[in-house]
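This briefing introduces selected features of one protein chain to a reader who is new to structural description. Please keep the sequence and the structure in view while reading.

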Amino acid sequence: MCYTLIRDRIDNMNVDYIRSRIKNKKSLILFDNAYEFASKRLMGVVYNENQSLMNYLLEIVSILLDYNVDIDTIIGTILYETINYGVSSEEIESAFGTKIKNITSSIFYMVDIDYSDPYIVKEIYDMEEKNRAFFVVLARRLYSLQDIKNNKKSLATETIDYMIPIARKLNLNNISNSLEDLCLFYLDPEEYKKIILRLGTNVFKNSDNLKNSITQLLSDNGINFDIKSSMKNIYSIYKKMMSGYSLDSDIDVSTFRLFIDSEDNDNVVSLFGNNYGYLTTCDFGYQSYVRDESGICYVIQIINMPLKECKKLF
């Protein structure tokens with residue numbers, strides 16, 4: 001589940017706030033150098049009537065930090081606009097190295113291309129720094145969609161039709177989930193609100209409580225396990241509902257995968273049967289459906305193979 005905040009953007013992003021979020025000392029030095037380099041080249045350049053271009057870039061960096069991107073992507077984001085103002089690739093390479101130069105050039109290329117053109121999109125998949133550069137493209141789009149001052153229906157449609165498929169193919173799933181939810185806010189606001197209201201404010205708390213309960217049960221009984229959880233975003237629930245499924249009876253909002261050594265399977269099946277209800281067999285082992293007090297459904301899956309094998313497959 002990705003409850004992306006819908007809010008007006010706050011202009012004049014403070015560089016000190018960005019610095020406070022970069023914990024590694026070497027990364028912070030690199031960021032400071034890039035910020036100084038870009039600030040000199042972009043001084044006085046305006047992004048819109050309320051915001052400088054440098055502040056806009058800091059906003060994008062803030063979004064990227066929310067998704068834990070690496071420092072090289074951050075540096076490329078700070079630098080790419082300087083190419084529009086007379087900075088050459090050679091200058092960037094001299095100041096920051098070949099890798100940063102390649103990332104910066106890739107971002108610069110990707111931010112203005114037509115993603116509805118299949119021939120251009122095909123070129124993207126052959127680029128060396130495609131994942132980093134396209135992540136920045138997605139962060140820019142997320143920033144635009146978060147500004148609710150104007151209706152963004154056409155922008156949302158373009159994002160869903162052309163950009164999300166590329167992001168999914170590149171496995172950029174977390175930011176894709178955020179974008180899908182924001183797009184739904186514009187494309188079908190009534191259904192968006194219905195889903196939010198039905199899920200309520202306790203869905204995260206209930207999911208965490210269930211995960212903690214499972215962890216406590218297995219730990220107390222000496223079971224060797226790994227647990228991974230994932231929550232559906234609003235858009236994926238919406239697609240299920242549009243296919244005729246009901247959030248009250250057919251759609252689970254969160255899945256917990258338990259990776260158990262084979263020798264513990266019988267014990268785990270017994271424990272779960274006693275504590276969480278009936279388990280059914282499936283291709284990978286067992287699963288159970290658990291509902292919270294409001295009727296929202298969660299799935300518990302027990303993966304029936306050795307932990308080492310599980311980690312390779314999931």
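Helices, of at least four residues, and strands, of at least two, are DSSP runs numbered from the N terminus. The model described here is predicted. The points below concern a central strand with its partners, a helix that packs against them, a buried valine and two asparagines in loops.

**Strand E4 and its partners**

- Strand E4 covers residues 252–260, and 8 of its 9 residues are buried, so the rest of the structure largely encloses this strand.
- Strand E3 (residues 225–231) pairs with E4 in the antiparallel sense, over 7 bridges.
- In this pairing, serine 230 stands opposite threonine 255 of E4.
- Strand E7 (residues 297–304) runs parallel to E4 and is joined to it by 8 bridges.
- Here leucine 258 stands opposite isoleucine 302 in E7.

**Helix H12**

- Helix H12 (residues 203–220) contains 18 residues and reaches 26 Å from its first C-alpha to its last, close to the 26 Å expected at 1.5 Å a residue.
- The buried residues of H12 are Val203, Asn206, Ser207, Leu210, Ile214, Leu217 and Leu218.
- These residues cover an arc of only 100° around the axis, which puts them on the same side of H12.
- An α-helix has 3.6 residues a turn, so residues three or four places apart point the same way.
- Lys205, Asn212 and Asp220 are exposed on the other side of H12.
- The buried residues of H12 pack against helix H11 (189–199), helix H14 (265–276) and the strands E3, E4 and E7.
- Glycine 222, just after H12, takes a positive phi of about 70°.

**Valine 61 in helix H3**

- Valine 61 belongs to helix H3 (residues 53–66).
- Valine 61 has a relative accessible area of 0% and is therefore buried, as buried means under 20%.
- Apart from its neighbours within four places in sequence, valine 61 is in contact with Ile18, Ile74, Thr77 and Ile78.
- Valine 61 and glutamine 216 are separated by 155 residues in sequence and by 38 Å in space, C-alpha to C-alpha.

**Two asparagines with a positive phi**

- Most residues other than glycine have a negative phi.
- Asparagine 68 is not a glycine, yet it has a positive phi of about 60°.
- Asparagine 68 lies in the loop between H3 and helix H4 (71–79), and it is exposed, with a relative accessible area of 70%.
- Asparagine 171 likewise is not a glycine but has a positive phi of about 65°.
- Asparagine 171 lies in the loop between helix H9 (153–169) and helix H10 (173–187), and it counts as exposed at 59% relative accessibility.

Key: Residues numbered from 1 in each chain as written. Predicted model: local features only at pLDDT ≥ 70, side-chain atom pairs only at ≥ 80, totals over all residues. Heavy atoms only, no water. Buried < 20%, exposed > 50% of the residue type's maximum accessible area, 1.4 Å probe, protein only. Contact = heavy atoms within 4.5 Å. Pairing = 2+ DSSP bridges. Expected span 1.5 Å × (residues − 1). Arc of directions from axis to C-beta.
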